[in-house]
Amino acid sequence: MTGSEVPPAFRLAYVPGVTPTKWVRIWNERLPGTPLTLVGVPAAEAAGLLRDGGADAGFVRLPIDRTDLSAIPLYAETTVVVIPKDHAATAVEEVSAEDLAEEIVLHPLDDTLGWERPPGRPAFERPASTADAVELVAAGVGLLVVPQSLARLHHRKDLTYRPLTGAPESRIALSWPEEKTTDLVEEFIGIVRGRTVNSTRGRAPTPPQPKAGRGEKKSGAPRKPAAGRTSRGGSGGSGGAKNPKGGAKNSKGGAAKRGKPRRRP
């Protein structure tokens, strides 16, 4: 590599609440020579960033306009209601939307759940952001309904949350410009989908090796005869005749005698 060449890089966008640490670690293990740069982006601006070339791929919140963007849905998040730690709802394991009918529920302008109006009573005005809404919950102004990852992101010691039933869910997807599905994008798709490093997708498979034929060793050398045997027709071969009593024949065809000679009378 000359001094003027720059190694390829991969830019990965992610919206608040998504933690790409696991996938980044696998990328660094498999492609140590290709740096990965993280680009944080508000959920409402993620699609525009990808279209403008600000990132090669990104974790976004659905729905998005898929006219020129590809997207692979990954998972849906649990929806929770953020409440003060001294709120009565802390006594239960989960809350229903009907339970919030008499509560003031804040609806920030960067809401990610996509509903026109949350349950409960609306506040006098909408907070500018989820972070501002969390501050208002801590001040006792109202409650807030968000995906669980955002409740964790804006965690405060004086607040907690409970799962909320009867509410929409936020779905996370991996997205990228459809006309810019590069090799690096394909590599990252494989990591997110859990393909192993030996996966043949996108790579030429290793040709199969020929198997050794029966009766020959892998090295190609012929087999040696077993111990105690000679080739057919040899002096010690299995082709030699034997008499019925087990004695070997002599050169005249008679059986060889064994034991002591007889005495003459």
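Which residue in strand 2 is the bridge partner of Ala13? In this predicted model, the partner of Ala13 is Val39. The report begins with the strands around this pair, continues with the open sheet and Arg162, and ends with the salt bridges.

**Strands 1 and 2**

Strand 1 covers residues 10-14 and strand 2 covers residues 36-40. The two strands pair in the parallel sense, over five bridges. Helix 1, formed by residues 21-30, joins with strand 1 and strand 2 in a β-α-β unit, and this unit is right-handed.

**The open sheet**

An open sheet is formed by six strands, with mixed pairing, in the order 6-10-5-9-7-8. Its edge strands are strand 6 (95-96) and strand 8 (121-122), each of which pairs on one side only. Within this sheet, strand 5 (residues 79-84) pairs with strand 10 in the antiparallel sense, again over five bridges. Val80 has Pro163 of strand 10 as its bridge partner.

**Arg162 in strand 10**

Arg162 belongs to strand 10, which spans residues 159-165. Is this residue buried or exposed? Arg162 is buried, and no salt bridge is found for it. The nearest side chain of opposite charge is that of Glu93, at 8.4 Å. A salt bridge requires a nitrogen-to-oxygen distance within 4 Å. A polar atom of the Arg162 side chain does, however, lie 2.8 Å from the backbone oxygen of Val92. When neighbours within four places in sequence are left aside, the contacts of Arg162 include Thr79, Val80, Val81 and Ile83. Ala89, Thr90, Val92, Glu93 and Val95 are also in contact with Arg162.

**Salt bridges**

Side chains of opposite charge can pair when their charged atoms come close. The count for this model comes to seven salt bridges. Three of the pairs are set out below.

| Pair | Closest N to O distance |
|---|---|
| Asp56 and Arg11 | 3.4 Å |
| Glu29 and Arg25 | 3.4 Å |
| Glu135 and Arg156 | 3.1 Å |

The salt bridge of Asp56 and Arg11 has an N to O distance of 3.4 Å. Asp56 is located in the loop between helix 2 (46-51) and strand 3 (57-62), whereas Arg11 is in strand 1, so this pair ties together parts that are 45 residues apart in sequence. Arg11 has a relative accessible area of 32% and is partly exposed.

Glu29 and Arg25 are both in helix 1; because they are four residues apart there, about one helical turn separates them. Glu29 counts as exposed, with a relative accessibility of 54%, while Arg25, at 44%, counts as partly exposed.

The third pair in the table joins Glu135 to Arg156. Glu135 lies in helix 3 (residues 130-138) and Arg156 in the loop between helix 4 (148-153) and strand 10, so their salt bridge ties together parts that are 21 residues apart in sequence. Both residues count as partly exposed, Glu135 at 44% relative accessibility and Arg156 at 27%.

Which residues are linked in a network of salt bridges? The network links Arg51, Asp65 and Asp68.

Note on methods
Residues numbered from 1 in each chain as written. Predicted model: local features only at pLDDT ≥ 70, side-chain atom pairs only at ≥ 80, totals over all residues. Heavy atoms only, no water. Buried < 20%, exposed > 50% of the residue type's maximum accessible area, 1.4 Å probe, protein only. Lys, Arg positive; Asp, Glu negative; His and termini not counted. Polar contact = N/O pair within 3.5 Å; in protein donor to acceptor, adjacent residues only side chain to side chain. Contact = heavy atoms within 4.5 Å. Pairing = 2+ DSSP bridges. Right-handed = clockwise from strand over helix to strand, strands pointing away.
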